[in-house]
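Me: Got a minute to walk through this fold with me? I'd like to start with how the strands are put together.

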Amino acid sequence: MSTPPRTTPPRVPPAERGATRIADRVVAKIAAQAAREALTARPERRPEQAAAPHATVTVHHDIARVRVSLELDYPSDLAAQCAAVRSRVARRIEEYAQMSVPEVDIDIEHLHSTHTRSAAGRDRRLR
């Protein structure tokens with residue numbers, strides 16, 4: 001008894017096979033990590049002083065809208081820090097998730113005064 005010949009199914013082009021969907025929360029984690037990297041890369045920034053950045057993301061097709069909440073030191077160049085975060089977040093999401101990032105909104109939740117912190121540190125050491 002012979003077996004019937006095997007037929008190979010027709011090849012389906014890659015674009016028609018399906019799609020990979022990356023969850024919004026995964027893209028938000030990428031954004032938060034990228035914001036953390038951008039802030040710790042700045043020489044005047046000490047990462048132990050502030051809470052970790054938090055990101056929320058809305059993805060529609062391959063476009064990610066990002067909002068990052070930060071705590072920053074003051075006085076410092078807030079505009080430069082925000083620009084560094086925007087740039088790093090957009091670049092990382094485009095690189096890792098292959099999504100377009102037309103905007104990254106920054107919310108500065110809290111400013112940490114370097115003068116108050118250094119004075120408080122001196123008081124603690126004197127006791």
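Reply: Sure. One term up front: two strands count as paired if DSSP finds at least two bridges between them. Keep in mind that this is a predicted model. With that in hand, the bridge partner of S69 in β3 is D107.

Me: And how do β2 and β3 run, parallel or antiparallel?

Reply: Parallel, with 11 bridges joining β2 to β3, which spans residues 100-113. To get from β2 to β3 the chain passes through helix α2 (residues 78-97), and this β-α-β crossover is right-handed.

Me: What about β1 and β2, how many bridges there?

Reply: Seven, and those two run antiparallel; β1 covers residues 54-60 and β2 covers 63-74. A55 sits opposite V68 in β2.

Me: What's in the turn between β1 and β2?

Reply: The two strands form a hairpin with two residues between them. H61 is in that turn, and its phi is positive, about 60°.

Me: Switching to the core. Which residues touch the most other members?

Reply: A64, V66, V68, V85, V89 and I93, out of 27 residues in the largest nonpolar core. The elements giving two or more residues to this core are α1 (24-40), β1, β2, α2 and β3.

Me: Which one gives the most?

Reply: α1, with nine residues.

Me: Zoom in on V89, what does it touch?

Reply: Leaving out residues up to four places away in sequence, V89 touches A31, A34, A35, V66, V68 and V104. V68 is also the residue opposite A55.

Key
Residues are numbered from 1 along each chain as its sequence is written. This is a predicted model: local features need pLDDT of at least 70, side-chain atom pairs count only at pLDDT 80 or more; totals for chains, interfaces and linings use all residues. Side-chain values use heavy atoms; hydrogens and water are left out. Helices (H or I, at least four residues) and strands (E, at least two) are DSSP runs, numbered from the N terminus. A crossover is right-handed if, with the strands pointing away from the viewer, the path from the first strand over the helix to the second runs clockwise. A nonpolar core is a set of buried Ala, Val, Leu, Ile, Met, Phe, Trp, Tyr and Cys residues joined through side-chain atoms within 4.5 Å. Buried means under 20% relative accessible area, exposed over 50%, partly exposed in between (1.4 Å probe, protein chains only). Contact means heavy atoms within 4.5 Å.
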